[in-house]
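Q: Please take a close look at the contact between the two chains, and then relate it to the internal build of the partner chain. A connected account, with the computed values, would be preferred.

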Amino acid sequence: MSVTTEINKPKAILRTVMYGAVSAAMLVAVFSHTDAITSLFSLGGIYAALPIATVFAFSFAHGAFASNLWSALGIEATTKKTAPRPAESVPRPAQRPRARLRMSA
Amino acid sequence: MTEHALEAAKFIDLTWMNVSFLFIVGFIGGLVSGFIGSGGAFVLTPGMMSLGVPAAVAVASNMCHKFPKAMVGAYKRFRYGQVDLKLGIVMAASATVGVQIGIKIQEWILGKWGEAGSNLYVSLSFVFVLITVGSYVFYDAWKSAKVTDADPVPKLARRLQSINLPPMIHFKTANLTISLWFTIPVGLLTGLLAATIAVGGFVGVPGMIYVIGASGLISSASELVIAFLMGLGGTVKWAMAGMVDIRLTLIILAGSLLGVQLGAIGTTYVKENMIKIVMGSIMIIVAFSRALAVPQYLAQLDLISANQSALSFMNMVSFALMCLALAIGAVIILGSMIKAKRAEIVNRQVSETCENV
């Protein structure tokens, strides 16, 4: 019923390391200059673009890292055949069809 | 206001304990969000506040992590063919109006009864909405699990879909056609709830299932589109006021991006009604948690008299129950994923044995 999507494990591991390094570098950059970055990012107004751009960039790197990490660990989506959605069960008619007598000559 | 936020952000001491707590809650919140389309925010904001973060900074930093998390989750589930982009955008448009209505109501209550009145309103909304909707979602999941494996179209949705009230909209992925007028109230209520309890998905997902008639899988995936669009709008507003603490946001995001993808993968392993079971369970536990916070606000409004130590104990139990709700959701998701994976391995082994014979 379900078919596991094929993964290229060595490729996934390589990508995990690569994107993991980018994501870690971003975290190190922020946390090694905490005071300067926090003051700049909380200035408000036009500076609102800074935290928003940062989370977009971090989501790209860390999101790709997370996706490849699960693939490298063998946790991948399965493609299921979705069953058609039935309408809610309709109650059966109370009356049964009457039995007929057939005469064969 | 900006200076205040900056001072507050500098004031917070980030220890390894704090970082670990935020990362773990971010991961579990992400896991639940990736699976049911929402959740996690209700624990993160009070969680950050318990670490000493001011309420406004906690809300802003939480929202700033919510929209990229929803974006990644929506992208992942879009690749699995579960997202109805049009449904998400149509719902988000009316939800945005709902948020504005919700803010107006909050402002009015705040002006009339102060902060305690506003907190009481939020808690009562939590209890009323989550008990009503959560119980029905839970009952429906239990009923549909007994009757059939597939997710049937609810009666109300079938009736509404049959009414030809222009403009009619066809949602391709959800495979349904319904009048725009029936999607608007669902979107408005989603936004209203998002502005009140910060988790619009607790009305949005059941609304899309029972009123619009989309399946649980499509509804929870499309809710991520709504969360992304609304979260982005909210973040712009908070960031312009200088309230986002980027350190808190990045720590939570580091955990939640791992969780949201695992939750999205989980939806491909389990039966569709599992989404309803997880959602219903979380909603009912959270409702009890908020009910425990009500006496504190009633006491602040001088409507009842209560012992201070008893109130603080109830407050602590309330927060613990919220964490428990999230943890139970995560356990059900991971448990059902492990169960489905084991069954798949057994099936594969059986088919390989058959082929060899």
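A: In this predicted model, the contact draws 41 residues from chain A and 54 residues from chain B. The area buried between chain A and chain B is about 3,900 Å², and carbon and sulfur atoms give 69% of that area. As background, the accessible area lost when the parts come together is often quoted as the size of an interface.

The polar side of this contact can be stated by two counts. Between chain A and chain B there are 7 residue pairs in polar contact, with both residues of a pair at pLDDT 80 or more. The count of salt bridges between chain A and chain B, in turn, is 0.

On the side of chain A that touches chain B, at least two residues each come from β1 (2-4), α1 (9-32), α2 (34-41), α3 (49-72) and β2 (78-80) of chain A. Of these, α3(A) gives the most, with 14 residues. Sorted by class, that side of chain A consists of 22 nonpolar, 15 polar and 4 charged residues.

Attention now turns to chain B itself. Chain B holds 12 helices and 2 strands, and along the sequence the elements follow the pattern α-α-α-α-α-α-β-β-α-α-α-α-α-α. Of the 357 residues in chain B, 54% are buried. Among the contacts in chain B with a separation of 6 or more, 81% are between residues 24 or more positions apart. The accessible surface of chain B comes to about 15,300 Å², with 68% belonging to carbon and sulfur atoms.

Salt bridges come next. Over all chains the count is 3 salt bridges. One of them joins the side chains of Lys276(B) and Asp140(B), with an N to O distance of 2.8 Å. This pair links distant parts of the chain, since Lys276(B) belongs to helix α11 (residues 273-300) of chain B and Asp140(B) to helix α5 (residues 85-147) of chain B, 136 residues apart. Both Lys276(B) and Asp140(B) are buried.

The neighbourhood of this pair can be followed through Ala141(B), which is placed in helix α5 of chain B. Ala141(B) counts as buried because its relative accessible area is 0%, under the 20% cut-off. Apart from neighbours within four places in sequence, Ala141(B) is in contact with Asn273(B), Lys276(B) and Ile277(B). Lys276(B) thus appears both as a contact of Ala141(B) and as a partner of Asp140(B) in the salt bridge. In addition, the C-alpha atoms of Ala141(B) and Gly280(B) are separated by 8.4 Å, with their positions 139 residues apart along the chain.

A further salt bridge brings together the side chains of Asp245(B) and Arg247(B), at 3.0 Å from N to O. Asp245(B) is buried at 0% relative accessibility, and Arg247(B) is buried with a relative accessible area of 7%.

The side chains of Glu344(B) and Arg348(B) also form a salt bridge, again with 3.0 Å from N to O. Glu344(B) and Arg348(B) both lie in helix α12 (residues 308-356) of chain B, 4 residues apart, which is about one turn of the helix. Glu344(B) has a relative accessible area of 9% and is therefore buried, whereas Arg348(B), at 40%, is partly exposed because this value falls between the 20% and 50% cut-offs.

Several local features of the loops in chain B complete the account. A cis peptide bond, with omega of about -5 degrees, joins Pro166(B) and Pro167(B). Pro167(B) is located in the loop between α6 (155-161) and β1 (168-171) of chain B. Asn175(B), in the loop between β1 and β2 (176-179) of chain B, has a positive phi of about 60 degrees although it is not a glycine. With a relative accessible area of 61%, Asn175(B) lies over the 50% cut-off and so counts as exposed.

Ser215(B) is found in the loop between α8 (201-212) and α9 (216-240) of chain B. Ser215(B) is buried, with a relative accessible area of 7%, and its side chain reaches the backbone nitrogen of Ile218(B) at 3.2 Å.

Conventions
Residues are numbered from 1 along each chain as its sequence is written. Chains are lettered from A and ligands numbered from 1 in the order in which they are written. This is a predicted model: local features need pLDDT of at least 70, side-chain atom pairs count only at pLDDT 80 or more; totals for chains, interfaces and linings use all residues. Side-chain values use heavy atoms; hydrogens and water are left out. Contact means heavy atoms within 4.5 Å. Buried area is the accessible area (1.4 Å probe) that two parts lose on being put together, summed over both. A salt bridge is a side-chain nitrogen of Lys or Arg within 4 Å of a carboxyl oxygen of Asp or Glu. A polar contact is a pair of N or O atoms within 3.5 Å; within protein, one must be able to donate a hydrogen and the other to accept it, and residues adjacent in sequence count only if both atoms are side-chain atoms. Ala, Val, Leu, Ile, Met, Phe, Trp, Tyr, Cys and Pro count as nonpolar, Asp, Glu, Lys and Arg as charged, and the others, Gly among them, as polar. Buried means under 20% relative accessible area, exposed over 50%, partly exposed in between (1.4 Å probe, protein chains only). Accessible areas come from the Shrake-Rupley method with a 1.4 Å probe; for residues, only the protein chains shown count as cover.
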